[in-house]
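Q: Please pick one part of this model and take a close look at it. I would like a single connected description that I can follow with the structure on screen.

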Amino acid sequence: MTRKAEHKMLPIETRAALVQPKSVDEEARTVDVVWTTGARGLRRRFFSDDFEEELVVSKEAVRLDRLNNGAPVLNTHFAFDLSEQIGVVERAWIEGKKGIATLRFSMRDDVTPIWEDIKGGIVRNVSVGYQIHRREIEEKANGPDLHRIVDWEPMEISMVPIPFDAKAQTRKAEDERLFDCAIVRAGSGLSGVATRMRMRARSAGLT
């Protein structure tokens, strides 16, 4: 039986990855990065339960059109000023269970210090901003639910000092662009949230 998907408007999410410094081309000012490995990570939310998120990395699950059409390389996910774009994605592809891209950096004077730190292995962290089109939720009575992201679209790649930036996940809703996401819940008829509420009430002697 096919479960009906509910729809929810969600902001862009971010995930961390790494630069491959050995791939630096000084003349072209390019470098290759691994922008996703699909690893499972804990997502913390202030106004809802924490959950584990797992990105499915495959040619079928990841929409690469935006990256391959010249998506921006940003300075720590800032996209409110043109000066925050420090480069461009030249090419992106899926290789096994990894997402890889070649980034080309601007020749602007203000970008040169960043480029020099990338070449020197000082700036190594990369974070990808992505839109979720479909997630499948495995609800669990004990522990956080598992959200498997089965259809997603990278929007930009950023150079960041600290990967999985908490601030990028907690901006006010009015500062974020929201996108439609189909959500499919798997598990028992009683939702994981309802189960946890019942367990908490029982432990508190309310039932």
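A: Start with one pair of residues: Val-89 and, opposite it in strand 8, Leu-103. The model is a predicted one, in which local features need pLDDT of at least 70 and side-chain atom pairs count only at pLDDT 80 or more, while totals for chains, interfaces and linings use all residues. Residues are numbered from 1 along each chain as its sequence is written, and side-chain values use heavy atoms, with hydrogens and water left out.

The pair belongs to a wider match between strands. Strand 7 and strand 8 run antiparallel and are joined over eight bridges; two strands count as paired if DSSP finds at least two bridges between them. Strands here are DSSP runs of E with at least two residues, and helices are runs of H or I with at least four, both numbered from the N terminus. Strand 7 and strand 8 form a hairpin with two residues between the strands, and in this hairpin Gly-96 has a positive phi near 65°.

Strand 7 also pairs with strand 6 (residues 72-75), again in the antiparallel sense, over three bridges. Here Val-73 has Gly-87 of strand 7 as its bridge partner, and Leu-74 stands opposite Gln-85 of strand 7. Strand 6 is joined to strand 10 as well, by three bridges, and these two strands run parallel. In that pairing Val-73 stands opposite Ile-157 of strand 10.

From the strands, move to the side chains. Val-89 and Leu-103 are both among the residues of the largest nonpolar core that touch the most other members, together with Trp-35, Phe-105, Ile-157 and Met-159. This core has 31 residues. A nonpolar core is a set of buried Ala, Val, Leu, Ile, Met, Phe, Trp, Tyr and Cys residues joined through side-chain atoms within 4.5 Å. Buried means under 20% relative accessible area, exposed means over 50%, and partly exposed lies in between (1.4 Å probe, protein chains only). Among the elements that each supply at least two residues of this core are strand 3 (30-36), strand 7 (85-95), strand 8 (98-105), strand 9 (125-138) and strand 10 (145-159), and so does helix 2 (112-119). In soluble globular proteins, nonpolar side chains tend to be buried together.

Ile-157 shows how the pieces meet. Leaving out residues up to four places away in sequence, Ile-157 touches (heavy atoms within 4.5 Å) both Val-89 and Leu-103. Its other contacts include Trp-35, Val-73, Leu-74, Ala-101 and Val-128.

Trp-35 leads on to the aromatic rings. Rings of Phe, Tyr and Trp (its six-membered ring) pair if their centres lie within 6.5 Å; planes under 30 degrees apart count as stacked, over 60 as edge-to-face and the rest as tilted. By this rule there are three aromatic pairs. The rings of Trp-35 and Trp-152 have centres 6.0 Å apart and planes at 75°, so this pair is edge-to-face. Trp-35 lies in strand 3 and Trp-152 in strand 10, and the pair links parts of the chain 117 residues apart. Trp-35 is buried, with a relative accessible area of 0%, and Trp-152 is buried with a value of 0% too. Trp-152 also forms an edge-to-face pair with Tyr-130, at 5.3 Å centre to centre and 70° between the planes. Tyr-130 sits in strand 9, 22 residues from Trp-152 in strand 10. Tyr-130 and Trp-152 are both buried, and with Trp-35 they form one aromatic cluster.

Strand 10 carries a charged contact as well. A salt bridge is a side-chain nitrogen of Lys or Arg within 4 Å of a carboxyl oxygen of Asp or Glu. The structure holds seven of them. In one, Glu-153 meets Arg-66, with the closest N and O atoms 3.5 Å apart. This pair links distant parts of the chain, as Glu-153 is in strand 10 and Arg-66 in helix 1 (residues 65-68), 87 residues away. Glu-153 is buried, with a relative accessible area of 12%, whereas Arg-66 is partly exposed at 38%.

Finally, set this part in the whole. The protein chain has three helices and 11 strands, and 43% of its 207 residues count as buried. Of the contacts with a separation of 6 or more, 71% are between residues 24 or more positions apart.
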